[in-house]
Amino acid sequence: MGIISDKFRRTRLDQTPYLFHFTKGTKKEGKESLYSILNQEKLISKKDDFVCFSASPITSIHKFFETKVNSTNLPMYQPFGIGFSRDLLIKEYGARNVIYCNDQELKSIPNGLKWRTQSLNIDTYDFEYLREWRIKGKIFDFKDFPKEQIIIIAPYLDDVNDLVTIHDLVIEPYFNELTGDLEPDVQEVFNRGYKGLSLDEINKICNNDYEVLNAVSNQIIDQDMTEYIKEGFKSYISRIE
């Protein structure tokens, strides 16, 4: 990231170092969709030849997840999402911002750029507020994307923990003094697979998305998640009491 541009970006509350992809459906479906995305390490477009992201700052769109679409009585997107470093998506994966055009302008766009275009009619079809970015192709495989440059977003800490924690069993041999044999000792481990922050916490401590970036700076991939899980459980209990 350029030093000069970064200096000015950080002064803007409408800027974000991430490009976000959020899930749809009910809250349960939204969370399950994000589980699937993380397990596959892929974003897959079912109908388009591109994968969509939003450059809307997560600190600015809380109400967006509460506003319902008339036809479904559900929000357009659920607050379960994955954010990637904007700069890395641009440099390494060809992410580009959408070009919003009227019908006449669309006719003059070269075929090689049509994947970046979106119809714009302020009276009938205006989705510019989504601040959409795209990566060309039906599949965005992020297996090789640095985990340190990814953030998981969910409503509460327990939701975040569910999504970012990798549960595994570790078998280590130990010497049994009674029998004189080496025997297996099975231990459960809960390690961090991704960085993550809840909307609940973002609302409390972050004024802009660069503060979100700073808030997860002490989270380390593969660290023990035990204390985070305990805090998440306390958060859950306090909500249901």
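A residue is called buried when its relative accessible area is under 20%. That cut-off comes up several times in this predicted model, starting with the chain as a whole: of its 241 residues, 39% count as buried. In helix α3, which runs over residues 86-93, Asp-87, Leu-88 and Leu-89 are buried. Right after α3 comes Gly-94, and its phi is positive, near 75°.

Stepping back to the overall picture, the protein chain has eight helices and 15 strands. Its C-alpha trace spans about 85 × 40 × 40 Å along the principal axes. Take the contacts between residues at least 6 apart in sequence: 74% of them join residues at least 24 apart. As for the outside, the accessible surface of the chain adds up to about 14,400 Å², and carbon and sulfur atoms account for 52% of that. The chain also carries 31 positive and 38 negative charges, and the mean positions of these two sets lie 10 Å apart.

One residue worth a look is Glu-41. It sits in the loop between α2 (27-40) and β2 (42-44). Is Glu-41 buried or exposed? Its relative accessible area is 18%, so Glu-41 counts as buried, given that the cut-off is under 20%. Who are its neighbours? Leaving aside residues up to four places away in sequence, Glu-41 touches Phe-140, Asp-141, Phe-142, Lys-143, Lys-147 and Tyr-194. With one of these, Lys-147, there is also a polar contact, running from side chain to side chain at 3.0 Å.

Then there are the cysteines. A disulfide is a covalent bond between the sulfur atoms of two cysteines. How many disulfides does the structure hold? The count is zero. Cys-52 helps to show why: the closest cysteine sulfur to its own is in Cys-101, and that is 15 Å away, too far for a bond. For comparison, two cysteine sulfur atoms have to be within 2.5 Å to count as a disulfide. Cys-52 has a relative accessibility of 27%, so it is classed as partly exposed. Cys-206, on the other hand, comes in at 10% relative accessibility and therefore counts as buried.

Conventions
Residues are numbered from 1 along each chain as its sequence is written. This is a predicted model: local features need pLDDT of at least 70, side-chain atom pairs count only at pLDDT 80 or more; totals for chains, interfaces and linings use all residues. Side-chain values use heavy atoms; hydrogens and water are left out. Helices (H or I, at least four residues) and strands (E, at least two) are DSSP runs, numbered from the N terminus. Buried means under 20% relative accessible area, exposed over 50%, partly exposed in between (1.4 Å probe, protein chains only). A polar contact is a pair of N or O atoms within 3.5 Å; within protein, one must be able to donate a hydrogen and the other to accept it, and residues adjacent in sequence count only if both atoms are side-chain atoms. Contact means heavy atoms within 4.5 Å. Accessible areas come from the Shrake-Rupley method with a 1.4 Å probe; for residues, only the protein chains shown count as cover. Lys and Arg count as positive and Asp and Glu as negative; His and the chain ends are not counted. The place of a charge is taken as NZ of Lys, CZ of Arg, CG of Asp or CD of Glu.
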